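Hi,

Here is the structure I promised to pass on. Have a look at it first, and then read my notes below.

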Amino acid sequence: MIAHQTLNASITGKSVGFRASRQGSRFGANKARTVAMASGNHGQKSHKGRWKGIDADQDMSDDQQDIQRGRQMVDSLFQGQQGQDGTHNAILSSEEYLSQAARSFNNIEDGFYISPSFLDKISIHVAKNFLDLPKIKIPLILGIWGGKGQGKTFQCGLAFKKLGIAPIVMSAGELESGNAGEPAKLIRQRYREASDIIKKGKMCALFINDLDAGAGRMGDATQYTVNNQMVNATLMNIADNPTNVQLPGVYKNEDIPRVPIICTGNDFSTLYAPLIRDGRMEKYYWNPTRSDRIGVCTGIFQFDNVDPKDIETLVDAFPGQSIDFFGALRARVYDDKVREFITKTGVENIGTRLVNSREGKVEFEKPAMSLATLMKYGNLIVEEQENVRRVQLADEYMTGAALAGSGGSSLPENYSQ
C-alpha cells in the first residue's frame with residue numbers, strides 16, 4: 001500500500017514537472033518570438049520556410065493569374081500532372097487579361113498645340129453624355145470629318161490626354177471581316193468594354209478611326225457587303241439604346257453606363273444617311289485656320305530652334321498644303337545628314353551598322369533648319385505632288401495603248417521639250 005502511494009506520488013510529480021517544463025518552454029518561445037518581433041522592427045525579417053517564395057514581400061505576382069508559382073511546393077500527390085492538364089498550370093497568361101484595344105496617350109509629350117475649338121467640341125460632347133439632362137436627347141456619336149492629313153486623329157489624342165481619358169480604339173480595318181457579323185459583334189464588345197471601365201469609376205470613350213473608309217461606300221466601285229450594312233445598323237442601334245447594348249445571343253435587359261462614341265473620317269456623305277442624322281450623330285467639320293496651322297507647326301518645330309516669324313512665313317508660303325506636309329518637311333531636312341552617314345559607312349555596310357550593331361544607336365546632330373533650307377525642301381515636295389497630278393499614267397494605260405516611240409510615256413521629259 002505504501003509502495004503504491006509512493007509510485008503515484010512519483011508519477012504525479014513527474015507529470016507536474018513535465019507541465020511546468022512545457023509551460024516554461026512555451027513562455028520562453030513566446031518571449032523569444034516577442035524579442036524577434038521587436039528586433040524585426042529594426043532589421044529585416046528572416047524567414048527560411050519552404051513557403052518563403054510566395055510571401056507578400058517576396059512575390060509580387062497575382063494569385064488569380066499566376067497559379068503555377070506554387071508548383072513543387074506541395075507533395076506530388078496533390079499537385080496534379082506536369083503537362084497542360086495539371087492543377088498548377090495557368091489557364092490564361094497575364095497579357096490575355098489586358099485589353100488589346102485600350103490606348104493611353106501618356107507618351108505624347110507636352111508642348112503640342114491643340115485647337116481651342118477642337119477641344120471645346122470634344123469636351124462638350126463627352127460631358128453632355130455623362131450628364132443627366134432632363135428630357136433632352138443627346139447624340140451619342142460625334143463625327144469629326146475633314147481633309148486628309150489635317151491632324152484629326154492627333155488632335156483627338158491630345159484632347160483625350162487633356163481630359164484624362166484612355167479610350168477604347170477601333171480602326172477602319174476592323175470593320176470588315178471574312179466572317180459575316182464579326183465587325184458588328186466587335187463593336188458591341190468594344191462598347192461594353194468601355195462601359196465596364198466607366199462602371200469602375202473611370203471616364204472612357206469609344207474612338208473609331210476612319211469610319212467612312214471601313215463602313216462607307218466610295219461610289220460604284222466599292223462593294224457594299226453584309227458587314228458594311230451591319231456596322232451601320234449596329235451603330236444606329238447603339239445610338240438609339242446606349243444603355244442596353246447586348247452581345248449576340250444574349251437577351252437580358254441590363255442597363256450599362258452610357259459611352260460616348262467619337263469617329264473620324266474624310267467624307268461622311270459616304271455613310272448610311274440614317275446613321276449621320278442629327279439625333280444620332282453630331283457632326284464637326286475640322287478645317288484648321290491660319291492660327292491653328294501656325295500653332296501646330298510651332299509644336300512640330302519646337303525642338304529645332306526655328307524662329308516663330310519663320311514659321312509664319314513657311315505656313316503662308318504653302319497655304320494649300322495639309323498639316324502633315326510640314327511634318328514631312330521636317331523629316332526631309334534630315335536627308336543630307338543621312339546621305340553623309342551612308343557615304344561615310346558605305347552602302348555595303350549599312351545593314352551591319354543599322355541592324356543589331358555593337359556600336360549602338362546611330363545618332364545625328366540636329367541639322368540647321370533655316371528658312372531657306374525649309375523652303376528648298378518644301379518646294380521639292382510640292383514638285384513631286386505636281387508630278388503625281390500631272391503624269392497620270394493610269395489614265396494613259398487604260399484609255400489606250402501607250403506605245404514606246406516619239407510620243408510615248410517612256411520619252412524623257414528633256415527630249416519632249
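Let's start with a pair of residues you can find by eye: I141 has M281 in strand β5 as its bridge partner. One thing to keep in mind as you look is that this is a predicted model.

That pair belongs to a longer match, since β1 and β5 (residues 281-285) run parallel and pair over 5 bridges. β1 also pairs with β4 (residues 261-265), again in the parallel sense and over 5 bridges. In that pairing, look for W145, which stands opposite G265 of β4.

How buried is β1? 4 of its 5 residues are buried, so the strand is largely enclosed by the rest of the structure.

Helix α7 (residues 290-300) is worth a look too. Here 8 of the 11 residues are buried, so the rest of the structure largely encloses this helix. The buried ones are D292, R293, I294, G295, V296, C297, G299 and I300. And what covers them? The cover includes the helices α2 (116-130), α3 (152-163), α8 (308-317) and α9 (324-332).

Now for the surface. L131, L133 and I136 make up a nonpolar patch there, and together they have about 270 Å² of accessible area. To find L133, go to the loop between α2 and β1 (141-145). Is L133 buried, exposed or partly exposed? Its relative accessible area is 32%, and buried means under 20% while exposed means over 50%, so L133 counts as partly exposed.

Happy exploring!

Definitions and conventions: Residues are numbered from 1 along each chain as its sequence is written. This is a predicted model: local features need pLDDT of at least 70, side-chain atom pairs count only at pLDDT 80 or more; totals for chains, interfaces and linings use all residues. Side-chain values use heavy atoms; hydrogens and water are left out. Buried means under 20% relative accessible area, exposed over 50%, partly exposed in between (1.4 Å probe, protein chains only). Helices (H or I, at least four residues) and strands (E, at least two) are DSSP runs, numbered from the N terminus. Contact means heavy atoms within 4.5 Å. Patches are made of residues with over 30% relative accessible area and no salt bridge: like charges are joined within 9 Å, nonpolar side chains (Val, Leu, Ile, Met, Phe, Trp, Tyr) within 5 Å. Accessible areas come from the Shrake-Rupley method with a 1.4 Å probe; for residues, only the protein chains shown count as cover. A salt bridge is a side-chain nitrogen of Lys or Arg within 4 Å of a carboxyl oxygen of Asp or Glu. Two strands pair if DSSP finds at least two bridges between them.
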